[in-house]
Amino acid sequence: MKKILFTAAALVMAWTGMLPAQAQNINGDVAAGSRKIAMCMGCHGIEGYRATFPRVYRVPKISGQGAGYIVAALTAYKQGLRKHPTMQGVASGLSEQDMADVAAYYSSRGSVVMTVVDKAVDVAGLELVTRGGCVGCHGANLSQPILPTYPKIAGQYPDYLFAALSAYKTNTHSLWGRDNPVMGAVVQQFSINELHELARYLSSLPGNLRTTQEGGFK
């Protein structure tokens, strides 16, 4: 266990040095971001909207997500480190300022009240989180990341979490997968069934992520 956690910590330090500069140097504007989310609303602005590639899952809740993480994710899609045709197409048309503005808007739209999906104590789920060292990056209650470029994951949709975790297992595929040395090392120790259970547990934790339905998408 100590060896796994030490390796993860070393990877975190290495990956931190590779973070996109714009995540730290460009300030986003909430008002400007509200005028740049047209391409986001069609999926992330509809409660329970499901993607169908590479599997069917609900698209993630991004309102209330950290701005730094949203920028990092969009940058990864634009650079091809995350492979998904739709998201790569969206990100390719965004400038660094656009990303910062969109991120500022969505990070300001989270739920004030922390939602709780399942209050029951889940010993098995907690054991998986402990084995993966998840708190080491995603912070207390998996909702207070230690770095702004890491996501809040508590209360996120379980089917999306599973899709994301699975993508780190297949980062070399030309149409899907995520290239991240930290997460790649973490997920390799879990079976597919354990990833399902881990995703379910994480989704049961209280979090302030939500889907913001805009305009005609209400």
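Q: A disulfide is a pair of cysteine sulfur atoms within 2.5 Å. What does the disulfide count come to by this rule?
A: This is a predicted model: local features need pLDDT of at least 70, side-chain atom pairs count only at pLDDT 80 or more, and totals for chains, interfaces and linings use all residues. Residues are numbered from 1 along each chain as its sequence is written, and side-chain values use heavy atoms, with hydrogens and water left out. The sulfur of Cys-43 is 9.1 Å from the closest cysteine sulfur, in Cys-40, which is too far for a bond, and that of Cys-137 is 8.6 Å from its closest, in Cys-134, again too far. The disulfide count is zero.

Q: Is Cys-137 buried or exposed?
A: Relative accessible area (1.4 Å probe, protein chains only) sets the class: under 20% is buried, over 50% is exposed, and in between is partly exposed. Cys-43 has 25%, so it counts as partly exposed. Cys-137 has 13%, so it counts as buried.

Q: How many salt bridges does the structure hold?
A: The rule asks for a side-chain nitrogen of Lys or Arg within 4 Å of a carboxyl oxygen of Asp or Glu. Lys-36 and Asp-98 form one such pair, at 2.9 Å from N to O. The total for the structure is seven.

Q: How many residues apart in sequence are the parts tied together by Lys-36 and Asp-98?
A: Helices (H or I, at least four residues) and strands (E, at least two) are DSSP runs, numbered from the N terminus. The side chains of Lys-36 and Asp-98 meet in a salt bridge. Lys-36 lies in the loop between α3 (30-34) and α4 (38-44), and Asp-98 in helix α7 (96-107), so the parts they tie together are apart by 62 residues.

Q: Which residue forms a salt bridge with Asp-159?
A: Asp-159 is partly exposed, with a relative accessible area of 21%. The closest N and O atoms of its salt bridge are 3.1 Å apart. The pair joins helix α10 (158-167) to strand β2 (57-58), 101 residues apart. The partner is Arg-58.

Q: Is Asp-122, the salt-bridge partner of Arg-200, buried or exposed?
A: The side chains of Arg-200 and Asp-122 meet at 2.0 Å, N to O. Arg-200 sits in helix α12 (192-203), and Asp-122 in the loop between α7 and α8 (123-132), 78 residues away. Arg-200 is partly exposed at 30%. Asp-122 has 15% relative accessibility, so it counts as buried.

Q: At what angle do the axes of α10 and α12 cross?
A: Two packed helices are described by the angle between their axes and the distance between the axes. Here the axes are lines fitted to C-alpha atoms, for helices over the stretch in contact, with angles from 0 to 180 degrees between N-to-C directions. The axes of α10 and α12 come within 8 Å. They cross at roughly 135°.

Q: How are α10 and α12 oriented to each other?
A: Angles under 35 degrees count as roughly parallel, over 145 as roughly antiparallel, 65 to 115 as roughly perpendicular and the rest as oblique. The axes of α10 and α12 cross at roughly 135°. The two helices are therefore oblique.

Q: How many of the 10 residues of α10 are buried?
A: Contact means heavy atoms within 4.5 Å. The cover over the buried residues of α10 includes β2, α5 (67-79), β4 (177-178), α11 (181-187) and α12. Tyr-160, Leu-161 and Phe-162 are among those buried residues. The helix is largely enclosed by the rest of the structure, because its buried residues number eight.

Q: Which residue does a cis peptide bond join to Phe-53?
A: Most peptide bonds are trans. Phe-53 breaks that pattern at a bond with omega of about -5°. Phe-53 is also touched by His-84, which is buried at 12%. The cis bond joins Phe-53 to Pro-54.

Q: Is Leu-142 buried or exposed?
A: Asn-141 has a positive phi of about 60°, and Leu-142 has one of about 55°. Leu-142 lies in the loop between α9 and α10. Asn-141 is exposed at 53%. Leu-142 has 5% relative accessibility, so it counts as buried.

Definitions and conventions
Lists of a residue's contacts leave out its neighbours within four places in sequence.
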